[in-house]
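Trainee: Could you show me how to read the overall fold and the enclosed space of a model?

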Amino acid sequence: MAESTAVQTIASMAVLLVPAVAPEVARDLGIPASMVGYQIGLLYIAAMASSLVAGGLVRRYGACRTGQISMALTALGCLAVTIPHLGALLAGSFAIGLGYGMPNPSAAHLLARHAPEHRRNLIFSIKQTGVPLGGMAAGLLGPSLAVAYGWEAGLLACAVAAAALCLIAQHVRNRWDADRSPGSPVLRMPFEGLRAVASDRRLSLLAGASLCFSAIQLSVMSFMVVLLVEEVGTGLVAAGSILAASQVAGVVGRLLWGGAADRVGDANLVLIFLAVIMAAACAAVVAIGPDWPLPAVTAVFAILGLTAAGWNGVFLAEVARRSHVSQIGATTGAVMFFTFLGVVVGPPTLSFAHDAFGGYAASFSVLALAASVGGILALLARRSH
(Lines give C-alpha, C1' and ligand atoms only; values in the text may rest on other atoms or scores of the structure.)
Protein backbone atom coordinates (compact mmCIF):
# COMPACT_ATOMS: atom_id res chain seq x y z
CA MET A 1 0.00 0.00 0.00
CA ALA A 2 2.87 2.38 0.77
CA GLU A 3 4.31 1.92 -2.72
CA SER A 4 0.93 2.52 -4.39
CA THR A 5 0.37 5.65 -2.30
CA ALA A 6 3.85 6.95 -3.13
CA VAL A 7 3.30 6.39 -6.87
CA GLN A 8 -0.03 8.26 -6.68
CA THR A 9 1.54 11.12 -4.71
CA ILE A 10 4.45 11.65 -7.12
CA ALA A 11 2.22 11.36 -10.19
CA SER A 12 -0.23 13.90 -8.72
CA MET A 13 2.59 16.24 -7.77
CA ALA A 14 3.91 16.16 -11.35
CA VAL A 15 0.45 17.05 -12.70
CA LEU A 16 0.19 20.21 -10.60
CA LEU A 17 3.78 21.49 -10.62
CA VAL A 18 3.42 23.54 -13.83
CA PRO A 19 0.19 25.25 -12.65
CA ALA A 20 1.91 25.98 -9.33
CA VAL A 21 4.68 27.96 -11.10
CA ALA A 22 2.72 28.99 -14.20
CA PRO A 23 3.68 32.72 -14.12
CA GLU A 24 7.39 31.87 -14.08
CA VAL A 25 7.06 29.28 -16.85
CA ALA A 26 4.98 31.64 -18.97
CA ARG A 27 7.51 34.46 -18.58
CA ASP A 28 10.42 32.28 -19.70
CA LEU A 29 8.54 30.87 -22.68
CA GLY A 30 6.96 34.17 -23.67
CA ILE A 31 3.39 32.90 -23.50
CA PRO A 32 0.33 33.99 -21.45
CA ALA A 33 -0.03 32.30 -18.06
CA SER A 34 -3.60 31.41 -19.04
CA MET A 35 -2.10 28.81 -21.40
CA VAL A 36 -1.79 26.53 -18.37
CA GLY A 37 -5.44 25.61 -18.94
CA TYR A 38 -4.54 24.07 -22.28
CA GLN A 39 -1.57 22.30 -20.69
CA ILE A 40 -3.82 20.69 -18.07
CA GLY A 41 -6.35 19.71 -20.75
CA LEU A 42 -3.66 18.02 -22.85
CA LEU A 43 -2.34 16.23 -19.78
CA TYR A 44 -5.71 14.76 -18.85
CA ILE A 45 -6.48 13.72 -22.42
CA ALA A 46 -3.25 11.70 -22.29
CA ALA A 47 -4.36 10.27 -18.92
CA MET A 48 -7.68 9.21 -20.44
CA ALA A 49 -5.86 7.29 -23.16
CA SER A 50 -3.34 5.58 -20.88
CA SER A 51 -5.98 4.59 -18.32
CA LEU A 52 -7.58 2.41 -21.02
CA VAL A 53 -4.26 0.77 -21.92
CA ALA A 54 -3.15 0.33 -18.29
CA GLY A 55 -5.30 -2.76 -17.76
CA GLY A 56 -3.53 -4.55 -20.60
CA LEU A 57 -0.15 -3.54 -19.20
CA VAL A 58 -1.15 -4.88 -15.78
CA ARG A 59 -2.16 -8.24 -17.17
CA ARG A 60 0.88 -8.65 -19.42
CA TYR A 61 3.65 -7.11 -17.33
CA GLY A 62 2.13 -6.96 -13.84
CA ALA A 63 0.82 -4.18 -11.63
CA CYS A 64 4.23 -3.34 -10.16
CA ARG A 65 5.82 -3.01 -13.61
CA THR A 66 2.93 -0.79 -14.73
CA GLY A 67 3.59 1.46 -11.74
CA GLN A 68 7.25 1.57 -12.76
CA ILE A 69 6.27 2.57 -16.30
CA SER A 70 4.13 5.32 -14.80
CA MET A 71 7.06 6.64 -12.79
CA ALA A 72 9.42 6.43 -15.77
CA LEU A 73 7.00 8.47 -17.91
CA THR A 74 6.57 10.94 -15.07
CA ALA A 75 10.34 11.40 -14.72
CA LEU A 76 10.85 11.82 -18.47
CA GLY A 77 7.93 14.23 -18.70
CA CYS A 78 9.20 16.41 -15.86
CA LEU A 79 12.67 16.52 -17.44
CA ALA A 80 11.22 17.48 -20.82
CA VAL A 81 9.18 20.32 -19.32
CA THR A 82 12.36 21.90 -17.93
CA ILE A 83 13.57 22.50 -21.51
CA PRO A 84 12.65 26.16 -22.23
CA HIS A 85 10.60 25.51 -25.35
CA LEU A 86 6.83 25.35 -25.88
CA GLY A 87 7.10 22.07 -27.79
CA ALA A 88 9.02 20.49 -24.90
CA LEU A 89 6.39 21.74 -22.45
CA LEU A 90 3.61 20.11 -24.45
CA ALA A 91 5.51 16.86 -25.03
CA GLY A 92 6.50 16.65 -21.38
CA SER A 93 2.95 17.36 -20.24
CA PHE A 94 1.68 14.59 -22.52
CA ALA A 95 4.20 12.15 -21.00
CA ILE A 96 3.19 13.18 -17.46
CA GLY A 97 -0.45 12.61 -18.42
CA LEU A 98 0.34 9.15 -19.79
CA GLY A 99 2.01 8.33 -16.49
CA TYR A 100 -0.90 9.73 -14.48
CA GLY A 101 -3.44 7.42 -16.11
CA MET A 102 -1.71 4.24 -14.86
CA PRO A 103 -1.53 4.29 -11.02
CA ASN A 104 -5.22 3.62 -10.35
CA PRO A 105 -5.59 0.49 -12.54
CA SER A 106 -2.30 -0.97 -11.28
CA ALA A 107 -3.01 -0.16 -7.62
CA ALA A 108 -6.56 -1.51 -7.89
CA HIS A 109 -5.17 -4.84 -9.12
CA LEU A 110 -2.62 -5.04 -6.29
CA LEU A 111 -4.85 -3.84 -3.48
CA ALA A 112 -7.78 -6.04 -4.49
CA ARG A 113 -5.48 -9.07 -4.18
CA HIS A 114 -4.07 -8.15 -0.78
CA ALA A 115 -6.66 -5.98 1.00
CA PRO A 116 -9.06 -7.82 3.36
CA GLU A 117 -12.68 -7.42 2.31
CA HIS A 118 -13.75 -5.73 5.56
CA ARG A 119 -11.03 -3.04 5.17
CA ARG A 120 -11.02 -2.63 1.40
CA ASN A 121 -12.70 0.80 1.24
CA LEU A 122 -10.34 2.23 3.85
CA ILE A 123 -7.23 0.79 2.20
CA PHE A 124 -8.24 2.13 -1.23
CA SER A 125 -8.97 5.49 0.41
CA ILE A 126 -5.56 5.59 2.11
CA LYS A 127 -3.95 5.03 -1.27
CA GLN A 128 -6.06 7.85 -2.75
CA THR A 129 -4.74 10.33 -0.17
CA GLY A 130 -1.80 10.50 -2.57
CA VAL A 131 -3.81 12.87 -4.79
CA PRO A 132 -4.26 15.73 -2.28
CA LEU A 133 -0.83 15.01 -0.78
CA GLY A 134 0.70 15.42 -4.24
CA GLY A 135 -1.25 18.64 -4.69
CA MET A 136 -0.03 19.96 -1.35
CA ALA A 137 3.57 19.03 -2.24
CA ALA A 138 3.31 20.83 -5.58
CA GLY A 139 1.82 23.91 -3.94
CA LEU A 140 4.42 24.07 -1.17
CA LEU A 141 7.59 22.91 -2.93
CA GLY A 142 7.03 24.24 -6.46
CA PRO A 143 6.90 27.97 -5.65
CA SER A 144 9.50 27.72 -2.86
CA LEU A 145 12.06 25.96 -5.06
CA ALA A 146 11.21 28.31 -7.94
CA VAL A 147 12.09 31.35 -5.82
CA ALA A 148 15.33 29.79 -4.57
CA TYR A 149 16.61 27.94 -7.65
CA GLY A 150 14.30 28.62 -10.61
CA TRP A 151 11.00 27.09 -11.68
CA GLU A 152 12.73 24.02 -13.11
CA ALA A 153 13.91 22.90 -9.66
CA GLY A 154 10.59 21.45 -8.53
CA LEU A 155 10.23 19.47 -11.75
CA LEU A 156 13.77 18.14 -11.43
CA ALA A 157 13.10 17.10 -7.84
CA CYS A 158 9.93 15.31 -8.91
CA ALA A 159 11.81 13.55 -11.71
CA VAL A 160 14.44 12.31 -9.25
CA ALA A 161 11.75 11.08 -6.85
CA ALA A 162 9.89 9.25 -9.64
CA ALA A 163 13.08 7.61 -10.93
CA ALA A 164 14.10 6.56 -7.42
CA LEU A 165 10.71 4.98 -6.74
CA CYS A 166 10.89 3.18 -10.08
CA LEU A 167 14.23 1.64 -9.07
CA ILE A 168 13.15 0.80 -5.51
CA ALA A 169 10.08 -1.07 -6.79
CA GLN A 170 12.32 -3.39 -8.81
CA HIS A 171 13.24 -5.22 -5.59
CA VAL A 172 9.66 -6.49 -5.15
CA ARG A 173 8.64 -6.69 -8.77
CA ASN A 174 8.98 -10.46 -9.24
CA ARG A 175 6.98 -11.21 -6.11
CA TRP A 176 4.21 -8.68 -6.76
CA ASP A 177 3.89 -9.53 -10.45
CA ALA A 178 3.80 -13.32 -10.05
CA ASP A 179 0.29 -13.39 -11.55
CA ARG A 180 1.20 -11.63 -14.82
CA SER A 181 0.43 -13.24 -18.19
CA PRO A 182 3.42 -12.45 -20.48
CA GLY A 183 1.60 -13.43 -23.68
CA SER A 184 -1.52 -11.37 -23.00
CA PRO A 185 -2.30 -8.74 -25.67
CA VAL A 186 -2.16 -5.15 -24.50
CA LEU A 187 -4.21 -3.34 -27.12
CA ARG A 188 -7.23 -5.63 -26.76
CA MET A 189 -7.71 -4.75 -23.10
CA PRO A 190 -9.12 -1.22 -23.54
CA PHE A 191 -12.10 -2.68 -25.38
CA GLU A 192 -12.37 -5.51 -22.87
CA GLY A 193 -12.53 -3.01 -20.03
CA LEU A 194 -15.08 -0.81 -21.80
CA ARG A 195 -17.20 -3.88 -22.59
CA ALA A 196 -17.07 -4.93 -18.95
CA VAL A 197 -18.31 -1.49 -17.88
CA ALA A 198 -21.00 -1.34 -20.58
CA SER A 199 -22.31 -4.82 -19.74
CA ASP A 200 -22.65 -4.08 -16.01
CA ARG A 201 -25.36 -1.52 -15.31
CA ARG A 202 -23.98 -0.71 -11.87
CA LEU A 203 -20.50 -0.06 -13.22
CA SER A 204 -21.92 2.12 -15.99
CA LEU A 205 -23.87 4.18 -13.49
CA LEU A 206 -20.85 4.48 -11.21
CA ALA A 207 -18.75 5.66 -14.16
CA GLY A 208 -21.32 8.37 -14.85
CA ALA A 209 -21.35 9.39 -11.18
CA SER A 210 -17.55 9.64 -11.16
CA LEU A 211 -17.67 11.93 -14.19
CA CYS A 212 -19.93 14.31 -12.25
CA PHE A 213 -17.90 14.12 -9.05
CA SER A 214 -14.52 14.61 -10.75
CA ALA A 215 -15.87 17.61 -12.67
CA ILE A 216 -16.85 19.16 -9.33
CA GLN A 217 -13.55 18.25 -7.69
CA LEU A 218 -11.29 19.93 -10.24
CA SER A 219 -13.62 22.87 -10.79
CA VAL A 220 -13.58 23.69 -7.08
CA MET A 221 -9.78 23.45 -6.98
CA SER A 222 -9.38 25.52 -10.15
CA PHE A 223 -11.71 28.41 -9.27
CA MET A 224 -11.67 28.62 -5.48
CA VAL A 225 -8.89 31.19 -5.14
CA VAL A 226 -10.08 33.48 -7.93
CA LEU A 227 -13.64 33.37 -6.55
CA LEU A 228 -12.44 34.26 -3.06
CA VAL A 229 -10.20 37.09 -4.24
CA GLU A 230 -12.43 38.67 -6.89
CA GLU A 231 -15.93 38.19 -5.45
CA VAL A 232 -15.53 37.74 -1.70
CA GLY A 233 -12.69 40.24 -1.29
CA THR A 234 -10.41 37.79 0.46
CA GLY A 235 -6.69 38.50 0.36
CA LEU A 236 -4.51 36.22 -1.74
CA VAL A 237 -2.74 34.73 1.31
CA ALA A 238 -6.03 34.06 3.07
CA ALA A 239 -7.49 32.53 -0.09
CA GLY A 240 -4.46 30.27 -0.37
CA SER A 241 -4.94 29.22 3.25
CA ILE A 242 -8.56 28.29 2.54
CA LEU A 243 -7.42 26.25 -0.47
CA ALA A 244 -4.89 24.46 1.73
CA ALA A 245 -7.58 23.80 4.34
CA SER A 246 -9.81 22.23 1.70
CA GLN A 247 -6.93 19.97 0.62
CA VAL A 248 -6.33 18.86 4.19
CA ALA A 249 -10.06 18.19 4.47
CA GLY A 250 -9.77 16.07 1.32
CA VAL A 251 -7.16 13.85 2.98
CA VAL A 252 -9.32 13.53 6.10
CA GLY A 253 -12.40 12.84 3.97
CA ARG A 254 -10.80 9.98 2.05
CA LEU A 255 -9.92 8.25 5.30
CA LEU A 256 -13.24 9.07 6.97
CA TRP A 257 -15.48 7.91 4.13
CA GLY A 258 -13.39 4.80 3.49
CA GLY A 259 -13.79 3.77 7.12
CA ALA A 260 -17.51 4.63 7.04
CA ALA A 261 -18.09 2.53 3.92
CA ASP A 262 -16.38 -0.45 5.55
CA ARG A 263 -18.44 0.00 8.71
CA VAL A 264 -21.85 0.23 7.02
CA GLY A 265 -20.92 -2.25 4.29
CA ASP A 266 -22.52 -0.12 1.58
CA ALA A 267 -20.18 2.02 -0.54
CA ASN A 268 -23.01 3.27 -2.76
CA LEU A 269 -24.89 4.61 0.26
CA VAL A 270 -21.80 6.60 1.26
CA LEU A 271 -21.48 7.99 -2.28
CA ILE A 272 -25.13 9.08 -2.23
CA PHE A 273 -24.59 10.81 1.13
CA LEU A 274 -21.51 12.60 -0.23
CA ALA A 275 -23.44 13.76 -3.29
CA VAL A 276 -26.12 15.33 -1.08
CA ILE A 277 -23.52 17.20 0.99
CA MET A 278 -21.66 18.28 -2.17
CA ALA A 279 -24.84 19.68 -3.68
CA ALA A 280 -25.68 21.57 -0.48
CA ALA A 281 -22.15 23.00 -0.18
CA CYS A 282 -22.14 24.11 -3.84
CA ALA A 283 -25.51 25.78 -3.30
CA ALA A 284 -24.06 27.54 -0.26
CA VAL A 285 -21.20 28.92 -2.38
CA VAL A 286 -23.80 30.62 -4.60
CA ALA A 287 -24.84 32.71 -1.60
CA ILE A 288 -21.30 33.61 -0.47
CA GLY A 289 -20.47 37.30 -0.60
CA PRO A 290 -18.20 39.97 0.93
CA ASP A 291 -20.43 40.15 4.02
CA TRP A 292 -19.72 36.54 4.98
CA PRO A 293 -17.33 36.05 7.93
CA LEU A 294 -14.10 34.30 6.99
CA PRO A 295 -14.70 31.28 9.28
CA ALA A 296 -18.02 30.61 7.54
CA VAL A 297 -16.42 30.84 4.09
CA THR A 298 -13.63 28.51 5.21
CA ALA A 299 -16.16 26.04 6.60
CA VAL A 300 -18.07 25.85 3.30
CA PHE A 301 -14.94 25.13 1.28
CA ALA A 302 -13.65 22.71 3.90
CA ILE A 303 -16.91 20.76 3.55
CA LEU A 304 -16.41 20.79 -0.22
CA GLY A 305 -12.90 19.46 0.28
CA LEU A 306 -14.17 16.80 2.66
CA THR A 307 -16.69 15.55 0.09
CA ALA A 308 -15.71 16.62 -3.44
CA ALA A 309 -12.12 15.48 -2.80
CA GLY A 310 -13.03 12.58 -0.52
CA TRP A 311 -15.13 10.19 -2.63
CA ASN A 312 -12.41 8.59 -4.78
CA GLY A 313 -11.24 5.74 -2.56
CA VAL A 314 -14.75 4.48 -1.83
CA PHE A 315 -15.58 4.67 -5.53
CA LEU A 316 -12.49 2.74 -6.68
CA ALA A 317 -12.99 0.06 -4.03
CA GLU A 318 -16.56 -0.46 -5.23
CA VAL A 319 -15.40 -0.70 -8.85
CA ALA A 320 -12.84 -3.33 -7.85
CA ARG A 321 -15.50 -5.24 -5.91
CA ARG A 322 -17.82 -5.28 -8.91
CA SER A 323 -15.08 -6.38 -11.34
CA HIS A 324 -14.00 -9.89 -12.24
CA VAL A 325 -10.68 -10.62 -10.54
CA SER A 326 -8.86 -10.99 -13.87
CA GLN A 327 -10.29 -7.70 -15.18
CA ILE A 328 -9.86 -5.36 -12.21
CA GLY A 329 -7.09 -3.36 -13.90
CA ALA A 330 -8.89 -3.12 -17.23
CA THR A 331 -12.24 -2.27 -15.65
CA THR A 332 -10.73 0.35 -13.36
CA GLY A 333 -8.93 1.89 -16.34
CA ALA A 334 -12.15 2.00 -18.36
CA VAL A 335 -14.06 3.64 -15.51
CA MET A 336 -11.21 6.12 -14.96
CA PHE A 337 -11.56 7.12 -18.62
CA PHE A 338 -14.92 8.65 -17.70
CA THR A 339 -13.55 10.06 -14.45
CA PHE A 340 -10.82 11.90 -16.36
CA LEU A 341 -13.40 13.03 -18.90
CA GLY A 342 -15.15 14.83 -16.05
CA VAL A 343 -11.87 16.58 -15.24
CA VAL A 344 -11.53 17.69 -18.88
CA VAL A 345 -15.07 19.07 -19.22
CA GLY A 346 -15.62 20.42 -15.69
CA PRO A 347 -13.55 23.63 -15.58
CA PRO A 348 -14.49 24.78 -19.12
CA THR A 349 -18.15 24.24 -18.24
CA LEU A 350 -17.74 26.37 -15.13
CA SER A 351 -16.03 29.07 -17.21
CA PHE A 352 -19.01 29.06 -19.58
CA ALA A 353 -21.39 29.25 -16.61
CA HIS A 354 -19.39 32.18 -15.22
CA ASP A 355 -19.95 34.12 -18.45
CA ALA A 356 -23.61 33.14 -18.56
CA PHE A 357 -24.43 33.92 -14.91
CA GLY A 358 -22.05 36.84 -14.45
CA GLY A 359 -19.98 35.47 -11.58
CA TYR A 360 -18.02 32.55 -10.18
CA ALA A 361 -20.24 32.08 -7.13
CA ALA A 362 -23.42 31.97 -9.21
CA SER A 363 -21.82 29.42 -11.55
CA PHE A 364 -21.54 26.98 -8.64
CA SER A 365 -25.24 26.29 -9.16
CA VAL A 366 -24.08 24.18 -12.13
CA LEU A 367 -21.86 22.18 -9.79
CA ALA A 368 -24.79 21.71 -7.40
CA LEU A 369 -26.73 20.27 -10.33
CA ALA A 370 -23.80 17.99 -11.24
CA ALA A 371 -23.66 16.72 -7.65
CA SER A 372 -27.39 15.99 -7.76
CA VAL A 373 -27.02 14.05 -11.01
CA GLY A 374 -24.09 12.12 -9.57
CA GLY A 375 -26.14 11.28 -6.49
CA ILE A 376 -29.04 10.04 -8.59
CA LEU A 377 -26.69 7.84 -10.62
CA ALA A 378 -25.19 6.42 -7.40
CA LEU A 379 -28.72 5.76 -6.11
CA LEU A 380 -29.64 3.93 -9.31
CA ALA A 381 -26.40 1.94 -9.05
CA ARG A 382 -27.30 0.93 -5.51
CA ARG A 383 -30.69 -0.35 -6.71
CA SER A 384 -29.15 -2.28 -9.62
CA HIS A 385 -28.44 -5.98 -9.38
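Fold and cavities

Mentor: The secondary structure of the protein chain comes to 18 helices and zero strands, where helices (H or I, at least four residues) and strands (E, at least two) are DSSP runs numbered from the N terminus. This is a predicted model, in which local features need pLDDT of at least 70 and side-chain atom pairs count only at pLDDT 80 or more, while totals for chains, interfaces and linings use all residues. Residues are numbered from 1 along each chain as its sequence is written, and side-chain values use heavy atoms, with hydrogens and water left out.

Trainee: Which radius of gyration does the protein chain have, against that of a compact globule?

Mentor: The radius is taken over C-alpha atoms, and the globule rule is 2.2 Å times the number of residues to the power 0.38. For 385 residues a compact globule would come near 21 Å, and the protein chain, with 20 Å, agrees.

Trainee: How many cavities of 30 Å³ or more does a search of the whole structure find?

Mentor: A cavity is a set of points, on a 1 Å grid over the protein atoms alone, where a 1.4 Å probe fits but cannot get out, and lining residues have an atom within 4 Å of a point. Grid points are joined across faces, edges and corners, and a volume is the space filled by probe spheres set on the points. The search finds four such cavities, and the largest holds about 330 Å³.

Trainee: Which residues lie nearest the centre of the largest cavity?

Mentor: Of its 25 lining residues, Tyr-44, Tyr-100, Val-131, Gln-217 and Asn-312 do. Elements giving two or more residues to this lining include helix H8 (130-149) and helix H12 (201-232).

Terms used. On a 1 Å grid over the protein atoms alone, a cavity is a set of points where a 1.4 Å probe fits but cannot get out, and a pocket is an open set with protein on both sides within 12 Å along at least five of seven lines; lining residues have an atom within 4 Å of a point.
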